[in-house]
Amino acid sequence: MSINGGVERYRNWVLAGSVLVPPGVCALLAPFRGSFDNANAALLLVVVVVAVAAFGLRLPGALAAVSSAVWFDFFLTVPYDTFTINSRDDVEQTVLLLVIGGLVTEIAIWGRRQQAKASRNHGYLDGVITTSQAVAAGASADDLIDQVRAELVAVLGIDGAKFVAGGQQTRAPQLNADGSVTRGSHVLRVERDGLPTNSEIELAVQYAGESRGRFLLTAASRIARPDLEQRLVAVALADQVGAALTTQEPIRPHL
């Protein structure tokens, strides 16, 4: 299960906690509100917000910050049990709860994204290494092509990939060695618009500048937006096939 998938599984519980835990904490502190500084209560609520924000979900983090500020005002600021604040210090602490909650949530989301990206990159690297090992071990060209086809689908998030031996470059969109995707002389903005869905995308299989074939990539049923790093991994996988095809040829079609 992916990192994000594991978090999403508990999204409803996190949402409920973001709304219910802050008033619960404030209610527990209310009987002692005359004997401690409100700054300490605010710090405790910041801990609650941080705990919710650590899941890396924007809505629960924001709700926890707002809920903490609202119930801090209601239970712990004078006049008590109202949504009115008379003290300037209490106003500042309430505002800080909101601001810190928002900042912590955004930092947590950024951290989750970086963690997920690192996990994906590790998976891509494993795929390239596994393919290289298969080439070094003398795997058959047919098995290697099938392995790379599966890797390309996973890395690029596309519907399918087929291999065609030999042949000349066509006018179809091209996934180039530098990771760019072009249609003729026009560079496509893949991160913004996704891979073309109205035609196959060609990924050349080359070795030492010599064409060995091409993969035809299909993204017809979904909008796939692989980033540059993912596209470069796809090129590296195709190059592994190119190296293998210098010593053997596939004996069956890969459609």
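# Briefing: a helix proline, a six-stranded sheet and a nonpolar patch

Helix α2, covering residues 11–29, is where P23 sits. Keep in mind that this is a predicted model. Besides that proline, there's an open sheet of six strands to look at, plus a nonpolar patch on the surface that includes V66, F83 and I107.

**P23 and its surroundings**

- P23 has a relative accessible area of 16%, so it counts as buried, the cut-off being under 20%.
- Leaving aside residues up to four places away in sequence, P23 touches S67, W71 and F75.
- Helix α4 spans 58–76, and P23's contacts S67, W71 and F75 have numbers that fall in that stretch.
- Measuring from C-alpha to C-alpha, P23 and V95 are 17 Å apart in space, with their positions 72 residues apart in sequence.

**The nonpolar surface patch**

- V66, V70, F83, V91, V95, L98, V99, L103 and I107 make up the patch, and together they have about 760 Å² of accessible area.
- Two elements, α4 (58–76) and α5 (88–136), each give two or more residues to the patch.
- α5 supplies the largest share, with six residues.
- V99, one of the patch residues, belongs to helix α5.
- With a relative accessible area of 42%, V99 is partly exposed, because that value falls between the 20% and 50% cut-offs.

**The open sheet**

- Reading across the sheet, the strand order is β1-β6-β5-β2-β3-β4, and the pairing is mixed.
- β1 (160–165) and β4 (186–187) are the edge strands; each has a single partner strand, so one side of each has no neighbour in the sheet.
- In general, strands of a sheet pair through backbone hydrogen bonds, in either a parallel or an antiparallel way.
- β1 and β6 (residues 210–218) run antiparallel and are joined by six bridges.
- Within that strand pair, F163 has F215 of β6 as its bridge partner.
- β5 and β6 also run antiparallel, this time with seven bridges between them.
- Here E202 is matched with L216 in β6 as its bridge partner.
- β5 and β6 form a hairpin with two residues between the strands, and A208 in that hairpin takes a positive phi near 55 degrees.

**A helix across the sheet**

- Helix α8 (residues 228–244) lies across five strands named β1, β2 (174–175), β3 (181–183), β5 (201–207) and β6.
- Relative to β5, helix α8 runs at about 45 degrees.

Technical notes:
Residues numbered from 1 in each chain as written. Predicted model: local features only at pLDDT ≥ 70, side-chain atom pairs only at ≥ 80, totals over all residues. Heavy atoms only, no water. Patch = residues over 30% accessible without salt bridge, like charges linked within 9 Å, V, L, I, M, F, W, Y side chains within 5 Å. Areas by Shrake-Rupley, 256 points an atom, 1.4 Å probe, with all protein chains shown as cover. Salt bridge = Lys/Arg side-chain N within 4 Å of Asp/Glu carboxyl O. Helix = DSSP H or I, 4+ residues; strand = E, 2+ residues; numbered from the N terminus. Buried < 20%, exposed > 50% of the residue type's maximum accessible area, 1.4 Å probe, protein only. Pairing = 2+ DSSP bridges. Contact = heavy atoms within 4.5 Å. Axes fitted to C-alpha atoms, helices over the stretch in contact; angles between N-to-C directions.
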